[in-house]
Amino acid sequence: MSLHLAAPQGAIAERVLLPGDPLRAKHIAETYLKEPKLYNEIRGAFGYTGEYKGVPVSVQGTGMGIPSIAIYVNELIRDYGVKKLIRVGTCGAMHNDIKMRDVVIAQGATTDSSIVRNVFGPTINYAPIADFNLLCKAVESAKKLNISTKVGNIITVDRFYDDEIDNEKLSQYGILAVEMETAALYMLAAKYAVQGLGIFTVSDHFLTREVISAEERQSGFNDMVEIALETIIKA
Ligand code: HPA
């Protein structure tokens, strides 16, 4: 037991996928894992453990935003000894290089969140980055699966609805996409010397105003999950 997870010790694998939506955790567990067992229902944050190609893997729903994911990531690492964490989520594309079906892999996670300031104070602008080994394995896995990816800097924002953010400038400086959790995952992975990575499916495009259909969202989501599973069992 931890404060927000009901699992007994040993019920969560060292390798965990982290979708924001708990129903996606259920979908991943039931679609890809052998003999998935539900270990958490507190707050509807479903968590399952099963096997992927013979390797124990867990899937934990994190909820939306940094405060929510930070609770689960802290407890998974500190209370359950999790070592490899891959967030699988959706993002808004904000760069011309990103097309609607691309899978985006976050090499770095720029953020407007106060988490960096709260840890390092006002003078250090710490750069939350992906684990290099997981990142390389994800790129390799995607190539093997014939899935097109874009790797680069993303931004983790505090507000989904934000009238002040300068998307044009961020795009000009190479920010590929926007989401709401990965900077916290990268900060916490660094703090506890474990491995973290964020992989995303584009759900909306800021420049072209496209929104993908439910069907495309599902197939894009499955592509991303396959990359994440192949990566996490090899890392
Ligand atoms: N903004 C923030 N987070 C997101 C978005 C977005 O447009 N799309 C998917 N996650």
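**Notebook: strand E5 and the ligand site**

I began with strand E5 (residues 84–93) and found that nine of its ten residues are buried, so the strand is largely enclosed by the rest of the structure. I note at the outset that this is a predicted model, and I read each entry below with that in mind.

**Entry on pairing.** I asked which strands pair with E5, and took the partners in turn. Strand E1 (residues 15–19) runs parallel to E5 and is joined to it by five bridges; within that pairing I located Leu17 opposite Ile86 of E5. Strand E9 (residues 195–205) also pairs with E5 in the parallel sense, here over ten bridges, and I found Thr90 standing opposite Thr201 of E9. For strand E8 (residues 177–179) the sense is antiparallel, with two bridges joining it to E5, and there I noted that Gly92 stands opposite Val178 of E8.

**Entry on the ligand.** I next looked up where the ligand sits, and it is in the largest pocket. Which residues surround the ligand? I listed Thr90, Cys91, Gly92, Phe160, Val178, Glu179, Met180, Ser203, Asp204 and Phe206. The protein covers 90% of the 260 Å² of accessible area that the ligand has on its own.

I then went back to the strands and checked what they supply: E5, E8 and E9 each provide at least two residues of the shell around the ligand, and E5 gives the most, with three residues. Thr90 and Gly92, which I had already met in the pairing of E5 with E9 and with E8, are both among the residues around the ligand, as is Val178, the residue opposite Gly92.

For polar contacts I recorded two distances. A polar backbone atom of Gly92 is 3.3 Å from a nitrogen atom of the ligand, whereas for Asp204 a polar side-chain atom lies 3.0 Å from a ligand nitrogen atom.

**Entry on backbone angles.** Finally I turned to two residues other than glycine that have a positive phi, Arg43 and Asn146. Arg43, with phi near 60°, is found in the loop between strand E2 (34–40) and strand E3 (47–52). Is Arg43 buried or exposed? Its relative accessible area is 73%, so I entered Arg43 as exposed, the cut-off for that being over 50%. Asn146 has phi near 65° and is found in the loop between helix H4 (132–144) and strand E7 (149–156). Asn146 likewise counts as exposed, because its relative accessibility is 73%.

Key
Residues are numbered from 1 along each chain as its sequence is written. This is a predicted model: local features need pLDDT of at least 70, side-chain atom pairs count only at pLDDT 80 or more; totals for chains, interfaces and linings use all residues. Side-chain values use heavy atoms; hydrogens and water are left out. Buried means under 20% relative accessible area, exposed over 50%, partly exposed in between (1.4 Å probe, protein chains only). Helices (H or I, at least four residues) and strands (E, at least two) are DSSP runs, numbered from the N terminus. Two strands pair if DSSP finds at least two bridges between them. A residue is near a molecule or strand if one of its heavy atoms lies within 4 Å of it. A polar contact is a pair of N or O atoms within 3.5 Å; within protein, one must be able to donate a hydrogen and the other to accept it, and residues adjacent in sequence count only if both atoms are side-chain atoms. Accessible areas come from the Shrake-Rupley method with a 1.4 Å probe; for residues, only the protein chains shown count as cover. On a 1 Å grid over the protein atoms alone, a cavity is a set of points where a 1.4 Å probe fits but cannot get out, and a pocket is an open set with protein on both sides within 12 Å along at least five of seven lines; lining residues have an atom within 4 Å of a point. A molecule sits in a cavity or pocket if more than half of its atoms lie within 2 Å of its grid points.
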